[in-house]
Amino acid sequence: MTADAAIGNGAAATAGAGAPSGGAAAAPSAAPLLALRGLRVAYGSVEAVHGVDLTVGAGEIVTVVGPNGAGKTTLLSAAMGLLPSGGELVLDGEAVRRPTVEAMVARGVALVPEKRELFADMSVADNLLLGGFARWRRGQRDQKARREEVYDIFPRLRERHAQLSHTLSGGERQMLAIGRALMARPRLLMLDEPSLGLAPLIVREVLQVVASLRDRGVSVLLVEQNARAALNTADRGYVLEMGAVAFHGAASDLLHDRRVVETYLGLGKGVAAGA
Ligand SMILES: Nc1ncnc2c1ncn2[C@@H]1O[C@H](COP(=O)(O)OP(=O)(O)OP(=O)(O)O)[C@@H](O)[C@H]1O
Ligand SMILES: [Mg+2]
């Protein structure tokens, strides 16, 4: 296994909040929106994530790339409170002692899981309303207005609002899964392999929307096997290998680092060349 290698100047940002390549919203001295410090996650007695340090600054798009089984989903699940973890999980400079899903949702974190988990026999419109349920229960009755905002982000969902979700195309299902997560008005959106199973053109469309969320005040933690497409979308990246960070740095530096190119990016094919 490779020791964690910081690549380029942007790598310094792991220690703080900085958004080295275009994440404009972060003040240099502000605490990162999310900081994982020495995060460890085990399945029974087998540890799958071995002490990962990672930050997402306000207004940043950060990606975690790496091969099958590297621990990407495990990392996201622990960050969402779905799996118990060791180490520290810090939001806005405040340690979350026992991260549970409810606690993370209440603090403005949302996850789009790899298996989209939509309600198959419900319409697009109703799937979206359910995404706003936690807010509704807290007395915030803005779900219909919020749904209009989601329709503005994904006009295709407005066109298909009455369609049952199991009849949507793969790309439309991914848009609905992201839209449903956005209904909770998250500050941090975590996405697990949004490009999985999608055609290159649709991957590009989905990732363009992900990139545009920054302008709506949403920071993004994007997990992808499609490393080139993810690094082209993100400000910073971490390469996860066997449960540990092998490289991290500004996405533009990682895209041009020889070791990263040789191992993960192949010989410079197109944006969505596949994992
Ligand atoms: N429920 C589980 N029980 C036991 N081991 C698990 C479980 N889920 C994952 N693992 C193991 O943890 C390691 C990390 O898996 P994980 O799913 O996080 O990888 P990943 O990077 O998301 O891979 P992929 O790109 O294939 O989605 C793997 O060795 C996997 O076999
Ligand atoms: Mg996974």
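A residue is called buried if 20 or more other C-beta atoms lie within 10 Å of its own, exposed if 12 or fewer do, and partly exposed in between, with the C-beta atoms placed from the backbone. The model is predicted, so local features need pLDDT of at least 70 and side-chain atom pairs count only at pLDDT 80 or more, while totals for chains, interfaces and linings use all residues. Residues are numbered from 1 along each chain as its sequence is written, and chains are lettered from A and ligands numbered from 1 in the order in which they are written.

**Exercise 1. Describe how the residues of strand β4 are placed, and which way they point.**

Step one is to fix the term: strands (E, at least two residues) and helices (H or I, at least four) are DSSP runs, numbered from the N terminus. Step two is the burial, for five of the five residues of β4 are buried. Step three is the direction: Ile-61, Thr-63 and Val-65 point one way, whereas Val-62 and Val-64 point the other way. In a regular strand the side chains alternate between the two faces of the sheet.

**Exercise 2. Place β4 in its sheet and find its bridge partners.**

Two strands pair if DSSP finds at least two bridges between them. The open sheet has seven strands in the order β1-β11-β10-β4-β9-β8-β7, with mixed pairing, and its edge strands, β1 (5-7) and β7 (109-112), each pair on one side only. Strand β4 (residues 61-65) runs parallel to β9 (residues 219-224) and is joined to it by five bridges, among them those in which Ile-61 has Val-220 as its partner. Val-64 stands opposite Val-223 in β9, and its bridge partner in β10 is Tyr-238. Four bridges join β4 to β10 (residues 236-241), and these two strands also run parallel.

**Exercise 3. List the residues around ligand 1 and sort them by class.**

A residue counts as near the ligand if its C-beta atom, placed from the backbone, lies within 6 Å of it. The shell includes Tyr-43, Ala-48, Asn-68, Lys-72, Thr-73, Thr-74 and Gln-225. The largest share, three residues, comes from helix α1 (residues 72-79). For the classes, Ala, Val, Leu, Ile, Met, Phe, Trp, Tyr, Cys and Pro count as nonpolar, Asp, Glu, Lys and Arg as charged, and the others, Gly among them, as polar. On that basis the shell divides into three nonpolar, seven polar and one charged residues.
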